[in-house]
Amino acid sequence: MTGTPLRCARPARARARRLPLRAAPGIVAEARSVTADFLAGVPDPLVIADAVLLVSELVGNALRHAGEPGALLLVRGPGRMRIEVSDSSPRPPLPRPPHGPDERGGLGLYLLDRLALCWGWRPWGRGKTVWCELGLP
């Protein structure tokens, strides 16, 4: 999936938070913390948990598969939240086939498909940005 479908356009009157990412210990935990803080006041803890999980997966994938992460961008508007994670790899995100319980990883895009309203990717500089949107109460 590429581009931004019409139903997933940036919300009007949005608030945003940007976190530059670096390949350093603790950056995934910091991204999770920033996300939870950004959503403080959202009355549904499951929505916050989903957002934190997706941020963790997207930032982890950027570190694992791209080497040089770029930034995490969180955008919140009426009824929607957009998560964007940029990295230095131009390779599109590719879902991995299901695997056995003893193998690690490979669930990030599956979770994105299941938890997000929509998701996709687009070129960003020499790399790409993977984005998703969640509904907010």
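**Close-up views of a predicted model**

**View 1. Contacts across the whole chain, with the fold they tie together.** Take the contacts in the protein between residues at least 6 apart in sequence: 67% of them join residues at least 24 apart. Contact here means heavy atoms within 4.5 Å. This is a predicted model, where local features need pLDDT of at least 70, side-chain atom pairs count only at pLDDT 80 or more, and totals for chains, interfaces and linings use all residues. Residues are numbered from 1 along each chain as its sequence is written, and side-chain values use heavy atoms, with hydrogens and water left out. The protein has 3 helices and 5 strands, and along the sequence they run β-α-α-β-β-α-β-β. Both kinds of element are DSSP runs numbered from the N terminus: helices are H or I of at least four residues, strands are E of at least two.

**View 2. Surface and interior.** Of the 137 residues, 44% count as buried, meaning under 20% relative accessible area with a 1.4 Å probe, protein chains only. The accessible surface of the protein adds up to about 7700 Å², and carbon and sulfur atoms own 57% of that. Those areas come from the Shrake-Rupley method with a 1.4 Å probe; for residues, only the protein chains shown count as cover.

**View 3. C132 and its closest cysteine sulfur.** Why is there no bond from C132 to C118? The two sulfurs sit 8.1 Å apart, too far for one, even though C118 has the closest cysteine sulfur to C132. A disulfide is a pair of cysteine sulfur atoms within 2.5 Å, and by that rule the count is 0. C132 is also buried, because its relative accessibility is 0%.

**View 4. L134 in strand β5.** Strand β5 covers residues 127-135, and L134 is found there. L134 counts as buried, at 4% relative accessibility. Its C-alpha atom is 7.6 Å from the C-alpha of C118, a residue 16 places away along the chain. Setting aside neighbours within four places in sequence, L134 is in contact with a list of residues including V47, D50, A51, L54, M81, I83 and L115.

**View 5. D87 in strand β3.** What does the side chain of D87 reach? The partner is the backbone nitrogen of S89, at 2.9 Å. D87 lies in strand β3, residues 80-87, and is buried with a relative accessible area of 5%. Not counting residues up to four places away in sequence, D87 touches several others, among them A62, A66, P69, W124 and K128.

How values were computed
Buried < 20%, exposed > 50% of the residue type's maximum accessible area, 1.4 Å probe, protein only. Polar contact = N/O pair within 3.5 Å; in protein donor to acceptor, adjacent residues only side chain to side chain.
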